[in-house]
Amino acid sequence: MHPSPESLPAFELWLLDSGTSLVAAMLILIVGWVAAGWAARGTRRGLSRLHHFDETLKPLLASLVRYAILIATFIAVLQRFGVETTSFIAVVGAAGVAIGLALQGTLSNVAAGVMLLVLRPFRIGDGIQAAGQSGTVREIGLFTTILVNDDLAYVSIPNSAIFSGVIVNNSREPNRRINFIVSIDFSNEIETAQKIVLDVLRSDPRVLEKPPPMTGVAALHEYAIDVVVRCWVRNADNEAVLFSIQKAIKDRFHAAGITIPARRQTATAREQIESPTASRPAAQKAH
């Protein structure tokens, strides 16, 4: 239906006003989106200069700044089209229940993220094991926690999966125990092996004197003796000391003639006595 000549000026004014509002709304969206990104990056840079500020809260605050600007931008766009903010808030509140039911998993991640920030089972830079994954914590966000594993792979875990399971923090305590088993052949002297183990542990300056290092017989097998090696080190030295003392114990055992248990195989021979009747078919076949 084409507008009548009488209504043409009004139609043109409406079209011009609508076009102006649309262009203005697009500009507001673009500016708001860019400003949100800039503000988030600026917040990160500003907080990074505060050395005493908690590293765990820095990414969260940057995200909150970004989302706050995006929400303000969306409200400004609605106001540009003549939508009342109060009525919009009422509609959002009415739809909040339905949205919450539809996004239960997402909201549970947000709630779990808040609880992780409040309870602090781990911080940025801690080495943890959670939700079947292990690595160093890079970021605790509103929805996910970011880890970097030993292979330098990026691992993103939903917060609800972490908070609802067991969390092992390998970095929280200042000291850490090294505990492993060395098996020696049953023919070796246990006292000699234990003396070598203690000498290796006490000669390493990274091994703590308290609690003192210790060794003992963990188990006796048919052909092997399991000797336990146990000591305590600084958390940061754990892996390096473990590799070092294992090599040192192996070298000292080799020099002292202490052997590791060799796999033994036994064979039994059965003597089979054939009856005269059993050999008859073969004899008949020969004829």
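This briefing describes charged contacts, pockets and unusual backbone features in one structure. The model is predicted, and every value below was computed from it. The structure holds four salt bridges, and three residues, Lys195, Asp199 and Arg252, are linked in a network of such bridges. Its largest pocket encloses about 460 Å³ of space, and a cis peptide bond joins Lys210 and Pro211.

**The salt-bridge network around Asp199**

- Lys195 forms a salt bridge with Asp199, and the closest N and O atoms of this pair are 3.2 Å apart.
- Lys195 and Asp199 are separated by about one helical turn, because they stand four residues apart in helix α6, which covers residues 190-203.
- Asp199 also meets the side chain of Arg252 in a salt bridge, with 3.7 Å from N to O. Since Arg252 lies in helix α7 (residues 238-256) and Asp199 in helix α6, this pair ties together parts that are 53 residues apart in sequence.
- The three members of the network can also be described by their accessibility: Lys195 counts as exposed, because its relative accessibility is 54%, whereas Asp199 counts as partly exposed at 27%, and Arg252 likewise counts as partly exposed at 35%.

**A salt bridge within helix α7**

- The side chains of Asp251 and Lys247 meet in a salt bridge, in which the distance from N to O is 2.9 Å.
- Both Asp251 and Lys247 belong to helix α7, where they are four residues apart, or about one turn of the helix.
- Asp251 is partly exposed, with a relative accessible area of 35%, while Lys247 counts as exposed at 54% relative accessibility.

**Contacts that involve aromatic rings**

- The charged end of Arg66 sits over the ring of Trp33, at 5.2 Å from the centre of that ring.
- As for pairs between aromatic rings, the structure holds zero of them.

**The largest pocket**

- The largest pocket, with about 460 Å³ of space, is lined by 17 residues, and the closest of these to its centre are Gly127, Asp150, Asn170, Arg176 and Glu239.
- The elements that give two or more residues to this lining are β1 (127-130), β2 (133-140) and α7, and the largest share, five residues, comes from α7.
- Sorted by class, the lining of the largest pocket has nine polar residues, five nonpolar residues and three charged residues.

**The second largest pocket**

- The second largest pocket has a volume of about 250 Å³. Its lining consists of 16 residues, of which Arg44, Ser63, Tyr67, Glu139 and Gly141 are the closest to the centre of the pocket.
- At least two residues of this lining are supplied by each of α1 (8-48), α2 (58-80), β2 and β3 (144-148).
- By class, the lining of the second largest pocket has seven nonpolar, five charged and four polar residues.

**Unusual features of the backbone**

- Most residues other than glycine have a negative phi, and most peptide bonds are trans, so departures from either pattern deserve a mention.
- The peptide bond that joins Lys210 and Pro211 is cis, with an omega of about -5°, and Pro211 is found in the loop between α6 and β7 (214-220).
- Arg120 has a phi near 55°, which is a positive value in a residue other than glycine. This residue lies in the loop between α4 (104-119) and β1, and Arg120 is buried, because its relative accessible area of 17% falls under the limit of 20%.
- Ala131 is another residue other than glycine with a positive phi, in this case near 55°. Ala131 is found in the loop between β1 and β2, and with a relative accessible area of 39% it is partly exposed.

How values were computed:
Residues are numbered from 1 along each chain as its sequence is written. This is a predicted model: local features need pLDDT of at least 70, side-chain atom pairs count only at pLDDT 80 or more; totals for chains, interfaces and linings use all residues. Side-chain values use heavy atoms; hydrogens and water are left out. Rings of Phe, Tyr and Trp (its six-membered ring) pair if their centres lie within 6.5 Å; planes under 30 degrees apart count as stacked, over 60 as edge-to-face and the rest as tilted. A charge sits over a ring if NZ of Lys or CZ of Arg is within 6 Å of the ring centre and within 35 degrees of the ring normal. Buried means under 20% relative accessible area, exposed over 50%, partly exposed in between (1.4 Å probe, protein chains only). On a 1 Å grid over the protein atoms alone, a cavity is a set of points where a 1.4 Å probe fits but cannot get out, and a pocket is an open set with protein on both sides within 12 Å along at least five of seven lines; lining residues have an atom within 4 Å of a point. Grid points are joined across faces, edges and corners, and a volume is the space filled by probe spheres set on the points. Ala, Val, Leu, Ile, Met, Phe, Trp, Tyr, Cys and Pro count as nonpolar, Asp, Glu, Lys and Arg as charged, and the others, Gly among them, as polar.
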